[in-house]
Amino acid sequence: MLMKGNKIRGQLAALSIAAVVIIVGVPLWWRTTETYRAWLPVSQIKQLAKLQLQLSADVEVVFARGTVTPEQQKKVPLTQTQEEEHAVDGDTMLRYRFETRYRTATIMEEDALNKPTAAGADESLHTLSESPCGSLVFYVIPELSLLLPKDTDVYIGQRRTALLRVSSQVGVGRTLEQLLAQLEPRIKQVLQVMSFSHTDVSAVLSDRVRFNPDSKEGIADSMRAFKSSPGYEITFSLLNPDPTSHQLHWDIEGAVQTYIQPLLTKLSPVANFSIDSQTLYYSVLGVKPRFDSSCDAYTLNADSLAHVINPVEARLGSNAASSNPVLNFLLYVPDAHHSPLKIQDHRKQEVPSNAFHSPRWGGIMVYNVNGFYEPEAELPVDISINMAEVMGVFLAQLRLLLGVQSSPPPPGFLVAPRGSSGLADWELDRLMWSRCVENIATATTTITSLAQLLDQISNIVINDNIAEQVSSAVNSLQLAVAELEAGNLKYALQLSKEAILASEKAFFDPSLLHLLYFPDDQKFAIYIPLFLPMCVPILLSLIKMASEARQKRREKLAKKD
Amino acid sequence: MGYFLSYYTYISFGCWVQNMLAAIIMLIFICFCVHFQNTAGQFFSSGHTNNWAVLVCTSRFWFNYRHVANTLSVYRSVKRLGIPDSHIVLMLADDMACNHRNPKPATVFSHRNMELNVYGDDVEVDYRGYEVTVENFLRVLTGRLPPSTPRSKRLLSDDRSNILIYLTGHGGNGFLKFQDSEEISNVELADAFEQMWQKRRYNELLFIIDTCQGASMYERFYSPNIMALASSQVGEDSLSHQPDLAIGVHLMDRYTFYLLEFLEDIHPASKSNMNDLFKVCPKSQCVSTPGHRTDLFLRDPGSVLITDFFGSVRKVEITMEAIHLTDPILQLEDGPMSEEVQEKTYSYVDQLPVSEIIHQKPKQKDWHPPDGFILGLWTLILLVFFKTYGIKHLKHIF
């Protein structure tokens, strides 16, 4: 009797231990070894991964007097929409939408168009009304108008206007539809120059669509301009290898304030800029120039220019405390023994600007000062550098490096010279379009790959701040895409900048480092010494109980028989 | 050329001469065609605009002198061919030049009889000593550094950067040992490269590793545009080259010694390609069999120049236009500015904020169960059970 009671108590003890292990122990172990992962909006991120962008621009076409007949004038206030769709690859689709509004010119606009020169007309049209960011206004002027020179059909102004000359060869019996049909290809051509085009936008998406050998120039363009970044550092350096001969003075502060700052202020919606300058003495170019007797100067040919930059770069130093990209602009004044120094291009022709630039790095200009003093002058000579000339070259290089495309306009086009800021409004708009698309594409790629990474590696800890950054990036992205669709370029750019900042902050957070790679055999090696000593007695006692119960049942069956 | 030679020796001598001439003329013609390339074509051939190098030596202690010499030789070549210090991340796990046991202080030699001092005059070490850890290495590669890290310690590459990564130290099948206390596995390295690719932090990557069983480290790569070289196959050891009796340790590893010899012949305008690099240190010289992996690389290795990775040849474009500026320079007003400047006086932040430290509350840490908790718990349960019910119940369990 006592033995049986003890046996039952023993069995109950074993069962209760097994119950405690399974019901309390296993969940406790699971909770204490899991990593904290905050919630991420994964479904929204997946939706964003299929990038579908729509770029909309408003175009206003104004008919001046003499281009439409009075009957046509009554029908003219009308709106047309042109849409174009391009599937760049499986995940990316771009849609371009131009909403064209046709109307006739007001009396004040007619007065403005009666100015003697196109530039004057442009100026007075601008005082009448300022077009919002991203939109364009085209004025159609009659063929016999004297505003444009003989062989130009289109004049592209400094702001967001263009003057188109329409040819009236069809005759008086022209319907409005025929007139519009005739204008359409011309308008399209102007839009390719002044507003976004498929080649520009797809060039910017080179991250997502890697191997797209459409045109050599397109690829060269995308390699030359800096990638979109919230800020840039610009450094102007004066290299004087020969201080014993030349005592150089340059008013860099004033020059930057007068010539460079207006451009940078205009570009402030795109990025922040910080400028500094330095002077380096006894720094040589590293390439020996050869004396060319045909032009009586020392020459650097185009092939050796590639080797000029490296020895100089080691001496340049950097003042940057941030991780922003640095643009270096160097002004090199050759020493007295190697003056004048001219740069030759591949065809051995002299280069008028005497300067060259390197993609994603900066530019170098060679400034010859041997003409400023007599050979018998007392050394060192005081030389004051003409900053207007120098800054003109640097400004052109700066424009190229920042991505302001300057492909030659089609024939028959006349582009107004840039204003005091060096950047036309429509060029700024183009830059804003491409930057906006680039930011959105980059932010989307970053967020998508971050979500993929966190999904794949299940034991990375996701803190709350990362989840917050990701959510805010996703929000900004959705808003940016919506604003872009609506055509509000400025807001779209701002939102895209916020999106890219948040996504980069989340992706590059120092806490996301995956150092926890455990191969399976290591996992077994860690857990077996902990759990085996505990599980073996439990399992054995359960097996013993089960075999005893089976034996009893067999005995019972045998007894029955 | 050698191929032609061996093939045509079987034919008569005159025929051989004729064929050689034809081959030479064809070669010259091809060279001519290749020479007339415009700048857009130049852009195409490599697709990169800047170069970076990450050079890591992972072992410490005086007898691992050769690993530091390896890394410094590659550093020297890379600097000589043009990559500036701002684009090189050099990680040395120990200081050999100023080690107490170094009979020639401030030098690290790579050749016997002290022919070549690779320590030089302007070495810039970014991560030194105990800063060289697996964590820091992965942080540099992936860019996940704390915001206070200076520029010189960061890898600020973009999608048009070609990166050279050189690792040396002691390794095994699938791992590389850091600092004699931790290791990095080939899976972690492959994942780090994949994260770099996802963020487009490189255009092309050249990975060179000089350790024992080095080929195991590149087996797991799966990101595109990576070319890898290793000094030995799985199961083989990489051997060192030569001991120096004056210094008392081995100076270089064989693979890097012959690599340095090869690189000394390269100059910035050289046109040698990767196929020459694969031939460096054959089995007769190296004893181990160097390996390479090019299946992930998109371009043909024969068209990749050595200077695409080891040097920094910049692309250059002539500036064709300039903007015509006519405004005179504005005269800046100095008066109010200088007053403002004088009012602001700057001072250093308190280096050791004693009052803050004294009154600091201890940091809240997550609660973890004490060590050995589970073992102790179960021992306790078993003891209590047997105490209560007696030892005779042991037979119910076993």
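Is K79(B) buried, partly exposed or exposed? In this predicted model, K79(B) has a relative accessibility of 22% and is therefore classed as partly exposed. The side chain of K79(B) is engaged in a salt bridge with D85(B), in which the closest N and O atoms lie 2.9 Å apart. The acidic partner, D85(B), has a relative accessibility of 18% and counts as buried, since the buried class comprises values under 20%.

Two further ion pairs of chain B were examined in the same terms. R293(B) forms a salt bridge with D295(B), with 2.8 Å between the closest N and O atoms; here the basic residue, R293(B), is buried at 17% relative accessibility, whereas D295(B), at 56%, is exposed. Beyond this pair, salt bridges with shared partners link K227(A), R360(A) and E438(A) with D158(B) and D159(B) in one network, and residues of chain A and of chain B both take part in that network.

The salt bridge between D276(B) and K279(B) has an N to O distance of 3.9 Å, a value that falls within the 4 Å limit and is therefore accepted as a salt bridge. D276(B) is partly exposed, with a relative accessible area of 28%, while K279(B), with a relative accessible area of 58%, is exposed.

The pairs described above belong to a wider set, as a search of the whole structure yields 35 salt bridges over all chains. Such contacts are in keeping with the general principle that side chains of opposite charge can pair when their charged atoms come close.

Note on methods: Residues are numbered from 1 along each chain as its sequence is written. Chains are lettered from A and ligands numbered from 1 in the order in which they are written. This is a predicted model: local features need pLDDT of at least 70, side-chain atom pairs count only at pLDDT 80 or more; totals for chains, interfaces and linings use all residues. Side-chain values use heavy atoms; hydrogens and water are left out. Buried means under 20% relative accessible area, exposed over 50%, partly exposed in between (1.4 Å probe, protein chains only).
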